[in-house]
Amino acid sequence: MTFSKTLTLNTGAKIPTVGLGTWQAAPGEVAKAVEAALNAGYRHIDCAWAYGNENEVGEGIKASGVPREEIFIVSKLWSTFHRTPEKGLQESLEKLGTDYLDLYLVHWPIPLNGENKSVSSSRIVLIPCANATTQHPLV
């Protein structure tokens, strides 16, 4: 059974309404969870560079045998890559073992340096953002 209900984004892309999130998944379990979810009919996988498990997500996708074009993969740009988003994207693509993402979100709107400390800039506008709050200065 494949979960077939989707929502249409403003680009015309269709995002499955049911997906597997990989946040806080224990190391060594992610690949099996992704493989099992895809084999059970899931077609939406949510991951992020900051979760530290994109390698395992990629392994699970490959092991499932589900063609890449049937899977909607979402990942997120981490704050240390705000000034070099191409580098962050390339790292995620390599870890996932894919040539493209279906949706790439800004994980957190505050740019950070390599030590995860805020970097100030008055010339940054980053949209969309996955975790903005009303207490946040960029919202």
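**From one aromatic pair to the whole fold**

Trp49 has a relative accessible area of 24%, which makes this residue partly exposed. The model in which Trp49 is seen here is a predicted one. Trp49 is a useful place to start, since its ring belongs to the one aromatic pair that the structure holds.

A pair of aromatic rings is described by how far apart the centres are and by the angle of the planes. For Trp49 and Phe81 the centres are 5.0 Å apart and the planes stand at 85° to each other, an edge-to-face arrangement. An angle over 60 degrees is what counts as edge-to-face. The two partners come from distant parts of the chain, with their positions 32 residues apart. Trp49 lies in the loop between S4 and H2, and Phe81 lies in the loop between strand S5 (72-77) and helix H3 (85-96). Unlike the partly exposed Trp49, Phe81 is buried, with a relative accessibility of 6%.

These loops belong to a protein of three helices and six strands. Read from the N terminus, the order of elements is β-β-β-α-β-α-β-α-β. Four of the strands make up an open sheet with parallel pairing, in the order S3-S4-S5-S6. S3 and strand S6 (103-106) are its edge strands, each of them pairing on one side only. Between S5 and S6 there are four bridges, in the parallel sense. Across from Leu77 stands Val106 of S6.

Helix H1 spans residues 30-39, and its buried residues are Val30, Ala31, Val34, Ala37 and Leu38. They are on the same side of H1, because the arc they cover around the axis is only 135°. An α-helix has 3.6 residues a turn, so residues three or four places apart point the same way. What do the buried residues of H1 pack against? Their partners are strand S3 (20-21), strand S4 (44-46) and helix H2 (54-64).

Backbone angles on either side of H1 can be added to this picture. Gln24 is placed in the loop between S3 and H1. Most residues other than glycine have a negative phi. The phi of Gln24, however, is positive, near 60°. Gln24 is also exposed, at 64% relative accessibility. After H1 comes Gly41, again with a positive phi, in this case near 115°.

Further along the chain, Arg68 and Tyr100 meet: Arg68 lies over the face of the Tyr100 ring, 3.9 Å from the ring centre. The segment after S6 contains Leu112. Is Leu112 buried or exposed? Its relative accessible area is 14%, so Leu112 counts as buried, the limit being under 20%. Leu112 and Arg83 are 29 residues apart in sequence, and their C-alpha atoms are 9.3 Å apart in space.

Some totals describe the protein as a whole. Its chain has 139 residues, and 37% of them are buried. Of the contacts with a separation of 6 or more, 67% are made between residues 24 or more positions apart. The accessible surface is about 8,300 Å², and carbon and sulfur atoms account for 53% of that area.

Notes: Residues numbered from 1 in each chain as written. Predicted model: local features only at pLDDT ≥ 70, side-chain atom pairs only at ≥ 80, totals over all residues. Heavy atoms only, no water. Helix = DSSP H or I, 4+ residues; strand = E, 2+ residues; numbered from the N terminus. Buried < 20%, exposed > 50% of the residue type's maximum accessible area, 1.4 Å probe, protein only. Contact = heavy atoms within 4.5 Å. Areas by Shrake-Rupley, 256 points an atom, 1.4 Å probe, with all protein chains shown as cover. Arc of directions from axis to C-beta. Phe/Tyr/Trp six-rings, centres within 6.5 Å; stacked < 30°, edge-to-face > 60°. Lys NZ or Arg CZ within 6 Å of the ring centre and 35° of its normal. Pairing = 2+ DSSP bridges.
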